[in-house]
Amino acid sequence: MPSDVCAAPKLLSFDQAVERIHSLVSPVQQTEKVAIEDAIGRICASPVLSPVYVPPADNSAMDGFAFVHPGDVDVTTVSFELIGESFAGHPFAGTVQPGQSVRIMTGGLVPDGCDTVLMQEDCAVNDGKITINRLPKPGNSIRCRGEDINLGSEVVAKGKIINAVDIGLLSSLGVSHVEVTRQVKVAVLASGDELKSPGEPLASGEIYESNRISIATMLTKLGCEVLDLGIIPDDPKALTDAFSKANQECDIVISSGGVSVGEADYTKQVLDDIGEIDFYKIAMKPGKPFACGKLSDSVFFGLPGNPVSALVTFMQLAVPGIETMQGKSKQKRIGFWAEATSNLRKSIGRRDFQRGIYEFSETGLPKVTSTGAQGSGILTSLAKANCFIVLAAEQSSVKAGESVWVEPFPAWLN
Ligand code: AMP
Ligand code: MG
């Protein structure tokens, strides 16, 4: 078995790290009222109870005829006098007596007195009378008041991420505004003397920065407000200033780079000086160095600088914390077992988040293919992927044909 040099015994397990993060953050308390058209992706702050019945009154499920059911009658053919009509938006005004019927359209209000509707295909109309050969059961083809939603019943739960269907549902109930949690504000910075932004010329030894924009984009998709603090040089004073500003203005501070133990890795040292690091190393790959803790008014996630490590630790560790702070109901990890199409190299000791492409065979069986070289700086290994292949810490290498646990990328990545 190949040994993993990074698999030191003191590393926190991935599950312990997630637990620690949940205990570090608490949901924001402030809420605000927003118009439903602005509520997409926001988090419902208090349960929405229906102010109405849906449907609001008994109405017809069919185009047909409404009448009073005559009960058990001993004849094969029953006739009703046709006395009026009830169309959607134009109800019949009177009361229907036994032996009478009303032409009714889908959505038309069931007239007073009527308890049954029969679709027009099963009726014959002649000389102001309708004739039917087989009586339906009482209550046939009637959508009853409140059968979809009862008055006062919960339609959107606290903690639910409001989606386009919820917005339509609220509109159907006449609800124009909804109470949501205020947006979580997150500061993002990249640290490193070698980092430049696209558009700037590169000197020898410099590279284009990529973590900040990916993370800021994901944060926006997650419904956060983002404060971009830019690229900060490897300088303790500059880092201290940036973290202090972020701490003053934001709920969460996310940095990338400078958390290893190199000569120019000041992020961890600065976080240690001005805040409290809760934990630092995690038994996961990629992403072992990950500093997490508190400043006076915020929580920080110090991501590693390598692009894959930065994005994977953001997705796997920072996001659960952000979602807890947003007040989202706990998101379940969604995955399934899939057949590995090739061997996967894995050392015992850390939980691996390898990058893969899953698909389903013609017979519906899931298969997953590695995106290739899995180095923590190879961003294309993540860009080509549509899922993580999650391999347990105690797992060793996988042989082609074995089953592995696959977790599709979340919708907010797109
Ligand atoms: P560090 O964690 O600062 O030691 O960085 C590890 C590696 O990631 C180095 O090769 C850095 O140049 C690279 N790196 C650090 N930050 C970024 C970033 N924001 N974008 C792209 N690469 C980065
Ligand atoms: Mg660095």
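A polar contact here is a pair of N or O atoms within 3.5 Å. Keep that cut-off in mind for the ligand view, and remember throughout that this is a predicted model.

**Figure 1. Here we zoom in on ligand 1 and its neighbours.**
Ligand 1 has 15 residues around it, and Glu194, Glu209, Ser210, Gly258 and Gly305 come nearest. Let's take three of the contacts in turn. In glutamate 209, an N or O atom of the side chain sits 2.8 Å from a nitrogen atom of ligand 1. Glutamate 194 also uses its side chain: one of its N or O atoms there is 2.5 Å from an oxygen atom of ligand 1. Glycine 258 joins in through its backbone instead, with an N or O atom 2.9 Å from an oxygen atom of the ligand.

**Figure 2. Now for the domains, the big pieces to find before the next views.**
The domain assignment splits the protein into domain 1 (14–30 + 183–326), domain 2 (33–53 + 153–181), domain 3 (59–143) and domain 4 (336–413). If you pick out domain 2 and domain 4, their centres, taken over C-alpha atoms, are 37 Å apart.

**Figure 3. This view looks into the largest pocket.**
The volume of this pocket is about 1,100 Å³. It is lined by 31 residues, and those closest to its centre are Glu323, Gln331, Lys332, Arg333 and Pro410. Which element gives the most to the lining of the largest pocket? That's α6, with six residues. At least two residues each come from α1 (14–24), α6 (307–326), β25 and β26. Sorted by class, the lining has 16 nonpolar, six polar and nine charged residues. Why does the largest pocket lie where it does, relative to domain 1 and domain 4? Both of these domains give residues to its lining, so the pocket lies between them.

**Figure 4. Next comes the second largest pocket.**
This one holds about 480 Å³ of space. Its lining is made of 26 residues, and you'll find Lys285, Arg350, Asp352, Gln374 and Gly375 nearest its centre. Strand β23 (residues 351–360) provides the largest share of that lining, four residues. The classes come out as seven nonpolar, twelve polar and seven charged residues. Domain 1 and domain 4 each supply at least three residues to the lining of the second largest pocket.

**Figure 5. Here we peek inside the largest cavity.**
Searching the whole structure turns up two cavities of 30 Å³ or more. The largest cavity has a volume of about 50 Å³. Its lining is made up of Gly41, Arg42, Ile43, Thr181, Arg182, Gln183, Val184, Gly223 and Gln326. Two of these lining residues are nonpolar, five are polar and two are charged. Domain 1 and domain 2 both give residues to the lining, so the largest cavity lies between them.

**Figure 6. Last up are the strands that pair with β26.**
Start with strand β26 (residues 403–408), which pairs with strand β22 (residues 336–340) in the antiparallel sense over four bridges. To find your way along this pairing, look for glutamate 339, whose bridge partner in β26 is serine 403. Strand β25 (residues 387–391) pairs with β26 too, in the antiparallel sense and over four bridges. A handy landmark here is isoleucine 389, which stands opposite valine 406 in β26. You've already met β25 and β26 in Figure 3, where each supplies at least two residues of the lining of the largest pocket.

Methods: Residues are numbered from 1 along each chain as its sequence is written. Chains are lettered from A and ligands numbered from 1 in the order in which they are written. This is a predicted model: local features need pLDDT of at least 70, side-chain atom pairs count only at pLDDT 80 or more; totals for chains, interfaces and linings use all residues. Side-chain values use heavy atoms; hydrogens and water are left out. Two strands pair if DSSP finds at least two bridges between them. Domain bounds come from an automatic or database domain assignment. On a 1 Å grid over the protein atoms alone, a cavity is a set of points where a 1.4 Å probe fits but cannot get out, and a pocket is an open set with protein on both sides within 12 Å along at least five of seven lines; lining residues have an atom within 4 Å of a point. Grid points are joined across faces, edges and corners, and a volume is the space filled by probe spheres set on the points. Ala, Val, Leu, Ile, Met, Phe, Trp, Tyr, Cys and Pro count as nonpolar, Asp, Glu, Lys and Arg as charged, and the others, Gly among them, as polar. A residue is near a molecule or strand if one of its heavy atoms lies within 4 Å of it. A polar contact is a pair of N or O atoms within 3.5 Å; within protein, one must be able to donate a hydrogen and the other to accept it, and residues adjacent in sequence count only if both atoms are side-chain atoms.
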